[in-house]
Amino acid sequence: MIIADTRANTFAQSAALVADREVRMRLRSKAFIISSVILLLAVIASIVAGSIVGASASNETTRVAVVGDSRPFAQVPSLEITEAGSVADAEQLVRDGDVAAAIVPGDGPTGIRVLALDEAPGDLVQLLSASPEVTLLEPADQNSGLAYLVGLGFGIVFFMAATLFGTTIAQSVVEEKSTRVVEILMSAISARALLAGKVIGNTILAFGQIVLIAAAAIVGLMVTGQDALLGDLGSAIVWFVVFFAVGFVLLAAMFASAAALVSRQEDIGSVTTPVMMLVMIPYFLIVFAWDNDLVLTIMSYVPFSAPIGMPMRIYLGTAEWWEPLLSLVVILATTVLVVLFGSKIYANSLLRTGARVKVLEALRG
Amino acid sequence: MLQIDGVTKRYGDRTALDEVSFEVGDGRLTGFVGGNGAGKTTTMRIILGVLSADSGVVRLGGSVLGPADRRRFGYMPEERGLYAKMKVAEQLVYLARLHGVSRRDAEASTTDLLERLELAERRDDTVESLSLGNQQRAQIAAALVHSPEVLILDEPFSGLDPMAVETVLGVLHDVAKQGAPVLFSSHQLDVVERLCDDVVVIANGRIRASGSKQKLHDDNAVRQFELLVASDAAWVREMPGVTVLDFDGGYALFEADDDEVAQGVLRRALQLGPVASFAPRHRSLTEIFTEVVK
């Protein structure tokens with residue numbers, strides 16, 4: 001028999017071993033790899049799609065026929081001018097579909113008339129109209145449609161990653177309970193080390209995925225020539241990654257402790273639903289109230305929604321420089337508190353198999 | 001030596017363990033017997049530190065056990081289980097490393113154990129793909145892979161086929177031979193009787209008897225003898241100081257007032273004809289157990 005060199009592991013060594021196993025087992029799972037690739041592709045696709053839509057919007061030209069002096073219209077950048085000899089020729093060009101519309105001399109105050117087939121050419125009319133000069137007293141930093149998409153992006157990525165890895169961590173906790181291997185584990189290491197390892201392992205995975213997505217988004221924006229957007233979005237993405245790391249530890253500890261209350265995979269849903277709500281509410285808020293300053297400000301300080309709310313406010317330019325730091329402190333403090341309570345629930349529930357353990361009982365021990 | 005000293009555990013109003021004290025000697029195979037719910041699993045969990053006792057302590061070599069000492073314990077819980085989707089060898093290495101064994105030693109020890117338990121060919125199969133018997137062997141390997149200095153096994157033989165029982169026995173003897181205290185619980189009293197050096201009997205959370213198997217037998221001995229003769233043995237009934245408990249032709253089971261009376265029966269039998277057998281009757285552990293637990 002080989003006499004092994006046995007020495008007690010430190011807490012950190014035990015947690016590192018557990019985390020290492022979590023990561024290795026997850027990377028071996030096909031479901032995990034596939035869902036990660038899909039998430040990554042979705043982000044890349046949305047950036048590419050954004051660039052195509054943007055490009056076609058800016059390059060679109062309207063072909064028009066002009067009767068008479070065409071010089072004033074030649075200066076309008078998105079018009080492609082065809083000169084026509086007469087109103088009748090111009091009308092024929094419109095009817096043949098060679099041009100979208102024709103500009104012919106008219107009697108009205110503008111001195112021109114626009115001919116079109118079956119629909120008033122709004123774009124052209126707008127181009128030809130004289131707009132009054134507008135001065136915004138409080139200009140928004142960002143285009144509102146884009147801001148919505150950015151908010152939605154943060155919301156979806158956080159929601160997806162939190163539910164994906166939250167479910168993963170819950171399943172891995174219940175797996176140990178349902179296969180009873182947990183008793184062997186607890187005879188070797190403390191429940192706290194086990195919980196820490198699980199949270200760290202899954203946070204590394206989730207964080208790795210988020211960094212990958214952020215990198216893909218940044219590279220995608222640069223390659224498709226949307227650097228200008230990157231300038232505004234860059235720091236928001238960096239803050240998102242920072243907030244995500246802390247926010248995820250918070251959620252992971254909650255998912256793990258909740259899952260420890262039950263002993264069967266089928267029961268996971270019943271205990272993780274409240275935690276799932278905490279992930280879902282910020283997602284819906286950002287979808288419905290992305291432009292509401294008050295809601296965003298509150299969101300940016302509530303620990304569960306800060307990973308979405310704060311980067312959004314940074315992007316919109318409504319956050320002072322110290323605000324993300326303050327919010328980070330709030331979320332860190334909450335995380336410490338939740339981890340303390342969570343590890344107690346976790347340690348006290350692990351050996352109770354069978355019926356669901358009540359939270360208060362688990363806290364009392 | 002592992003000492004359990006005055007351990008009490010309550011669940012609400014129910015006292016699961018009441019001042020439980022016994023010892024597991026170095027190199028001694030100690031059987032832990034008791035009915036369902038008697039407190040065997042609770043005691044073992046407390047020894048392993050998986051559960052905490054309300055009062056009382058567990059000592060190893062005279063000093064109170066701490067978490068670091070428990071890493072050197074091998075444990076097989078009553079509720080069996082390993083990671084179903086992990087490969088056998090990978091899982092054993094992981095468990096050994098959780099106990100503080102270096103990767104190299106963990107791998108060497110895993111290979112060695114799988115060899116001994118005849119599982120070497122299955123090392124890269126997932127646990128869920130193993131047959132039940134092989135899963136049991138893997139479970140035993142999990143308790144031994146870190147070369148424990150103390151072994152605590154909860155019902156190690158339940159569900160094992162006879163061949164696996166022999167394998168496990170061999171391993172237990174090896175561990176005990178190296179001087180490790182080995183405590184195992186079992187419902188199968190015949191197995192305990194055959195194997196153990198010492199026996200601890202628990203009922204309703206209280207220790208009813210503990211000590212060497214011989215001592216248990218001596219303490220609960222009865223002066224009963226069995227006689228088998230070729231001819232009819234009806235005459236035994238008339239012997240003074242003899243109470244016949246069972247009788248069938250040439251066979252008689254009787255209780256004698258003292259050894260001299262019994263010897264008198266034997267002399268008489270020899271005078272009457274050939275004696276096929278004459279022996280004091282040893283009560284089985286099962287009989288003693290039922291009586292002690294009452």
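Colleague: Why are strands β9 and β10 of chain B said to pair?

Modeller: Pairing takes at least two bridges found by DSSP. β9(B), residues 198–203, and β10(B), residues 206–212, have six bridges, so they qualify. Their sense is antiparallel. In this predicted model, local features need pLDDT of at least 70 and side-chain atom pairs 80 or more, while totals for chains, interfaces and linings use all residues. Residues are numbered from 1 along each chain as its sequence is written, and chains are lettered from A and ligands numbered from 1 in the order written.

Colleague: What lies between the two strands of the hairpin, β9(B) and β10(B)?

Modeller: Two residues. One of them, B:Asn204, has a positive phi of about 50 degrees. Beside the turn, B:Ala203 has B:Arg206 as its bridge partner. Elements are DSSP runs numbered from the N terminus: strands (E) have at least two residues, helices (H or I) at least four.

Colleague: Where does domain 1 of chain B end and domain 2 begin?

Modeller: Domain 1 spans 2–218, and domain 2 spans 220–293. These bounds come from an automatic or database domain assignment. The C-alpha centres of the two domains lie 41 Å apart. Their contact (C-beta atoms, placed from the backbone, within 7 Å) takes eleven residues from domain 1 and ten from domain 2. On the domain 1 side, α7(B), β9(B), β10(B) and α8(B) each give two or more.

Colleague: How do the residues on that domain 1 side divide?

Modeller: Seven are nonpolar, one is polar and three are charged. Nonpolar covers Ala, Val, Leu, Ile, Met, Phe, Trp, Tyr, Cys and Pro; charged covers Asp, Glu, Lys and Arg; the others, Gly among them, are polar.

Colleague: What is the angle between helices α5 and α6 of chain B, and what is it called?

Modeller: The axes cross at roughly 10 degrees and come within 11 Å. Under 35 degrees counts as roughly parallel (over 145 is roughly antiparallel, 65 to 115 roughly perpendicular, the rest oblique). Therefore α5(B) is roughly parallel to α6(B). Axes are lines fitted to C-alpha atoms over the stretch in contact, with angles from 0 to 180 degrees between N-to-C directions. The contact includes B:Ile140 and B:Leu144 of α5(B) and B:Val168 of α6(B).

Colleague: What makes α7(A) mostly covered?

Modeller: Eight of its eight residues are buried. Buried means 20 or more other C-beta atoms within 10 Å of a residue's own (12 or fewer is exposed, in between partly exposed; C-beta atoms are placed from the backbone). Among them are A:Val181, A:Glu183 and A:Ala188.

Colleague: How many residues of chain A are in contact with chain B?

Modeller: 24, facing 35 of chain B. The largest share of the chain A side, seven residues, comes from α7(A).

Conventions
Contact = placed C-beta atoms within 7 Å.
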